[in-house]
Amino acid sequence: MKILAVDYGASRTGLAVCDPTEFLTTPITPQITLKARPKVAAEVCRIAQEQRAELIVVGLPLNMDGTEGERAEKSRKLGKTLQIWSGLPVRMWDERQSTCEAADILDEVGTFGAHRKAILDSVSATVILEDYLAWRKEHPGEM
């Protein structure tokens, strides 16, 4: 199944997609730099259609204790908008530590400065998608 992952942020929104076999994940660049939720949602829906996605996974930024704060509420609103506008199923996915993991990956490959900023959220979306795909392997048949 082709899945699109979304890392929704205050300044930038990163996207990643997997191939139909759910083996390869790829960050989508450039990142979305729009800030208004309706504009972000419209762009995500456009890309989902372009990529022929069958499911959208939206990162849910939970607090470290598992509670939801303001950012989680905004991500849930984006998820609902995407489900309505795209007609695709949307799955909210715990994204705790995904940005830290993405930063570690970029450190390892020596990506810094403006180029790092330009891809960090898309790499974070890739981390979210890879985590979700690992869960799917352990839970076949579940979305």
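Student: Which residue follows α1 with a positive phi, near 60°?

Tutor: This is a predicted model, in which local features need pLDDT of at least 70, side-chain atom pairs count only at pLDDT 80 or more, and totals for chains, interfaces and linings use all residues. Residues are numbered from 1 along each chain as its sequence is written, while side-chain values use heavy atoms and leave out hydrogens and water. Helices are DSSP runs of H or I with at least four residues, strands are runs of E with at least two, and both are numbered from the N terminus. The residue that follows α1, with its positive phi near 60°, is Arg 52.

Student: In what order do the elements of the protein chain run from the N terminus on?

Tutor: The protein chain has 4 helices and 5 strands. From the N terminus on, these elements run β-β-β-α-β-α-β-α-α.

Student: What distance does α1 reach from its first C-alpha to its last?

Tutor: The expected span of a helix is 1.5 Å times one less than its number of residues. For the 15 residues of α1 this gives 21 Å, and the reach from the first C-alpha to the last is close to that, namely 21 Å.

Student: Around the axis of α1, what arc do the buried residues cover?

Tutor: A residue is buried when its relative accessible area is under 20%, exposed when it is over 50%, and partly exposed in between, with a 1.4 Å probe and protein chains only. In α1 the buried residues are Val 40, Ala 41, Val 44, Cys 45, Ile 47, Ala 48 and Gln 51, whereas Lys 39, Gln 49 and Glu 50, on the other side, are exposed. The arc is taken from the directions that lead from the helix axis to the C-beta atoms. The buried residues lie on the same side of α1 because their arc is only 165°.

Student: Which strands stand at the edges of the sheet?

Tutor: Two strands pair if DSSP finds at least two bridges between them, and in general such pairing is through backbone hydrogen bonds, either parallel or antiparallel. Here 5 strands form an open sheet with mixed pairing, in the order β3-β2-β1-β4-β5. Each edge strand has a single partner, so one side of each is left without a neighbour in the sheet, and these strands are β3 and β5.

Student: How many bridges join β1 to β2?

Tutor: A hairpin of 4 residues connects these two strands, and one of the bridge pairs sets Ala 5 against its partner Ala 16 in β2. On the β4 side, β1 runs parallel to its neighbour with 4 bridges, and there Ile 3 has Leu 55 as its bridge partner. Between β1 and β2, which run antiparallel, the number of bridges is 5.

Student: Are the residues of β1 mostly buried or exposed?

Tutor: On one side of β1 lie Ile 3, Ala 5 and Asp 7, and on the other Leu 4, Val 6 and Tyr 8, so that both faces can be checked, and both are covered. Counted together, 6 of the 6 residues of β1 are buried.

Student: Which element gives the largest share of the largest nonpolar core?

Tutor: A nonpolar core is a set of buried Ala, Val, Leu, Ile, Met, Phe, Trp, Tyr and Cys residues joined through side-chain atoms within 4.5 Å. The largest one has 24 residues, and Leu 4, Val 6, Leu 15, Val 44, Ile 56 and Leu 82 have the most contacts inside it. The elements that give two or more residues to this core are β1, β2, β3, α1, β4, α2 and β5. The largest share, 6 residues, comes from α1.

Student: Which elements do the buried residues of α2 pack against?

Tutor: The buried residues of α2 are Ala 72, Ser 75, Leu 78, Gly 79, Thr 81 and Leu 82. They pack, in contacts that need heavy atoms within 4.5 Å, against β1, α1, β4 and β5.

Student: How far apart in space are Asp 19 and Lys 2, C-alpha to C-alpha?

Tutor: Asp 19 has its place in the loop between β2 and β3. Leaving aside neighbours within four places in sequence, Asp 19 is in contact with Met 1, Lys 2 and Leu 24. Although Asp 19 and Lys 2 are 17 residues apart in sequence, their C-alpha separation in space is 5.5 Å.
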